[in-house]
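These are my notebook entries from one sitting with the model, kept in the order in which I looked things up.

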Amino acid sequence: MDSVRPPEVRQAASAQFVGFEIAGQKYLFRIERIQEIITSGSVTRVPDVPAYVVGVSNLRGTIIPVIDLRLLFGLPARESDANTRTIVVNVGSRTMGCMVDAVSQVIRIPVDQIHSAPDSVVADGQRSVEGFARAGDDLFILLDATSLLDPAGLAGVHRAGVPGVTPPDKAS
Amino acid sequence: MADSSRRNQDMPADDMAEFLSVYIDETGEQCDQLVQLLLALESEPRDARRIAEAFRLIHSIKGSAAMLGLDRITGLAHHLESHFERLRSGSLLLDGPTIEAALRCIDYFRHCNDRLRQGEKLEPVDELLEAVKKLGQTTPAAGPTAATAPTLPSAPPTPAVEPAVASPPATPAVPTPPPVGNARVRRIRVQFAPGLAMADLKAELVLARLGGLGVVVESSPEAAEFATSTELRTLDIMLRTAATGSAITIAADVDGVVGVELDVEPPAEPAAPPAPTEAGAVVETMRVGVERLDVLLNLVGELVVSRARFVQLVADMAPLFRKAAVGGRSGGTTHSLREAVEAIIRSASGPIDRAAAACESQLEKLEEQGRLWEEGHRRYAELVESVDHLTRVADSLQRGVLSTRMVPVGPLLNRFKRSVRDIANELGKNVTLELAGEKTELDKRMIDELGDPLVHLVRNAIDHGIEPADVRLRRGKPEMATVRLAASQRGNSVIISISDDGGGIDLEGVRDRAVARGLVSADQAASLSPRELTDFIWQPGFSTAKEVSNISGRGVGMDIVRTRIEALSGSIDIDSTLGVGTTFVIRLPLTLAIARCMLFRMEQAAVAVPVENVRELVTVTDDCILSIGGRRVCDIRGEFLPLVEMDEIFSWPSTAAEPAPRGAVLVIHSGSRAVAVCVSSLLGTQDLVVKSLDENFMRIRGLGGASILGDGEVCLLLDASAVVDIVMRSHAMTEVHP
């Protein structure tokens, strides 16, 4: 009897995310946005772009930009290591790569565990913060890839610094 | 009357769709030719050869339209044809109204093509039809004083010696049976009795008899197939004839025929594709959608990249094999090793035995390895050969596919005969258009994109460039102005120039205007060079015209012209002399998809420049470099060019600040402007498939895109025109004018 109900509810009210880490903080992208996750290959630098644009890379014949999310969030650069990954994200008609410190596996989080970002955060120019979620012991910041990586929005994100550096301890 | 309502008035039957697209293409081309003929006839109305040719074209349009049951077109073409028939016979003289009416008819035909393409109904043409019908009546027969070529008063009149007799009457494409007037296409289906002996001969007889009534446009099966048909039961014939139905029935009803149907619906099932086994069926040309060619071109692009990769791999393997110096030496080594071991075994006994035996088995393995190496080396030599072959095939394929996209610029240039005439008439100016290099070929896509910019430049030349007649006379110029459109190929570029013999660009006017618009201060303006002044023409909204006329006011501005040309990886330059004329020179790459580039490596990235933008590669000694106002200028054989490091053109994130040792200087040019750029390590030239940067990212000023090298690395492609701009601008800011 009650063995039927809970899965149904959970299925309808949960979403899948890809979790990743930058400078110890855990973030989420919605899985629908993700095309693939690659180990960072050769990246060609391009001129006249902000420092957070690492350069362009060849993804099976298509040229995609690679953005270092550390630098985008105003954090100091860090050498790539064995855990460094590039998340290939589809933003509108564009395909872009995001360099992150590490990627954890796909996570399913019930929708009721996701709390929308407080107005103070959003007003800070951090429109790319979609919300916060707790899964187990971890607190994740859910990022909206579209507004984060929109070429017009990139500059704004950069100015605003790390999204959610001080996430509310108890989401209201 | 031919335009009376009929079964399939205006709308061709569905299965005609195939014919329809052929019709549209053919008629389009014929209209283009007609316009040219008419414009030529306008100045030489007695040119019998051209009249005959025009007659033939009209006749042919009429014939094709009739075949498709496009009665309005047929009717109009019919009356126009009749009028030209009289012109051809010399009983009437070609006059202005005829040309006007014929041009209007062509407009209508083209308009019809547009509508047919969209599957819309054709519009009625009654008014135009009446006008065409009246043509013969308004002009007195054989009136030698008919107003000929009224727009060309200064053209020497052609001596009226020869009437239309000189040249033989052009043979129409289809021999016309006597009653030209009311001929139409009838579809006839002839049924033969089952099991009829000699059915093929009977069918031929039917065709021959029907041929006596008109022209057999098409038969199914065709006469050549009669003998091979297993059983000939029905014969479908399209006959262009004026004969009555009963006459046709009688003609077709030979012995063995069990039924003759008139005006049958065309066969409902799509015609079977022409039997490929048929040896006689040679396809000479084929229309292929551009998008299919684009797919091919993209694939060829990938092939070019993977070919480069193979070449790279083979090149990387070469030193490995060379160093290993396989075959001989390793074979020799193992051989002498084996002798040594055998000597030990022979001379020794006891415990060494076992060690020696172990050595021997190892030695065998080593020999085996050596053989494998040799095998590998032989295979490598084969690989090198294969890669060479692949390279040759890929190159030919690339050239082949590129050439399918190349079309002559002729039709594009010829379109301007009409526009020049119209614009000149509208503005009351006398202008002749000269064309040159119509056979020059260019990528189809570029031809399509060039139309608008060229129209603007031509309008501009006539409106702003060419002076009013009185001014021209005062300046001692011929009253008849000339606009010249010329195309030519130079290496991997195509040059299209638009020149006029008008007033040239009034640089003082430009100077005033630039100051008035606040683009420069009056002081700065005073010191600007002619070239810098000319460059203001490209500023958005910049015009030296006092008022915007309805000709130059509409459409695109000069800035858009330049943007469009640059979007095609081209460049545009102006060469203007006050009082003498202006020439715009457009330089375009032969094709957009693959560019032959010179590659060099910077600390940050590999960078490529299209070879057509590389004027030369020179080494420059320090005493050739001057510093003027903090900017460096380089003396290259007496020509002083701005000299820059790549880092001055682009700013890179976190660049190591040590300047690379100067290797060579690359002179990059766009049109007539050139700059010298220092490069350190050159990698040679390579064909690169141009990929967009902004598709996934953004446009970067100075970069025209990116490309993928053989090893998968992305290299950046310079946009020479933008690079030259950047350098010129930064130099202009600090340059000290003496």
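Entry 1, a helix in chain B. What should the 19 residues of helix α3 (residues 71-89) of chain B span at 1.5 Å a residue, and how far apart are its end C-alpha atoms? I note before answering that this is a predicted model. The expected span of α3(B) is 27 Å and its end C-alpha atoms lie 26 Å apart, so the two values agree. I then looked up how the helix is covered, and found that 14 of its 19 residues are buried, which means that α3(B) is largely enclosed by the rest of the structure. I also checked what follows the helix: just after α3(B), B:G90 adopts a positive phi of about 90°.

Entry 2, chain A as a whole. I counted five helices and twelve strands in chain A. The chain has 172 residues, of which 42% count as buried, and its accessible surface amounts to about 8,600 Å², with 49% of that belonging to carbon and sulfur atoms. For the range of its contacts I took those between residues at least 6 apart in sequence, and of these 57% join residues at least 24 apart.

Entry 3, the contact between the chains. The size of an interface is often given as the accessible area lost when the parts come together. For chain A and chain B I have about 2,000 Å² buried between them, 60% of it on carbon and sulfur atoms. On the side of chain A that touches chain B, β5 (53-59), β6 (62-68) and β8 (94-100) of chain A each supply at least two residues. In residues, the contact takes 22 from chain A and 27 from chain B. I looked for salt bridges between chain A and chain B and the count is zero, whereas five residue pairs are in polar contact between the two chains, both residues of each pair being at pLDDT 80 or more.

Entry 4, one aspartate. Is B:D236 buried or exposed? I find it at 17% relative accessibility, and because the cut-off for buried is under 20%, B:D236 counts as buried. B:D236 lies in strand β3 (residues 234-241) of chain B. Its side chain makes a polar contact with the side chain of B:R189, at 2.7 Å. Leaving aside neighbours within four places in sequence, I list B:I188, B:R189, B:E218, B:S219, B:S220 and B:V264 as the residues in contact with B:D236, so that B:R189 appears both in this list and as the polar partner of the B:D236 side chain.

Note on methods: Residues are numbered from 1 along each chain as its sequence is written. Chains are lettered from A and ligands numbered from 1 in the order in which they are written. This is a predicted model: local features need pLDDT of at least 70, side-chain atom pairs count only at pLDDT 80 or more; totals for chains, interfaces and linings use all residues. Side-chain values use heavy atoms; hydrogens and water are left out. Helices (H or I, at least four residues) and strands (E, at least two) are DSSP runs, numbered from the N terminus. Buried means under 20% relative accessible area, exposed over 50%, partly exposed in between (1.4 Å probe, protein chains only). Contact means heavy atoms within 4.5 Å. Accessible areas come from the Shrake-Rupley method with a 1.4 Å probe; for residues, only the protein chains shown count as cover. The expected span of a helix is 1.5 Å times one less than its number of residues. Buried area is the accessible area (1.4 Å probe) that two parts lose on being put together, summed over both. A salt bridge is a side-chain nitrogen of Lys or Arg within 4 Å of a carboxyl oxygen of Asp or Glu. A polar contact is a pair of N or O atoms within 3.5 Å; within protein, one must be able to donate a hydrogen and the other to accept it, and residues adjacent in sequence count only if both atoms are side-chain atoms.
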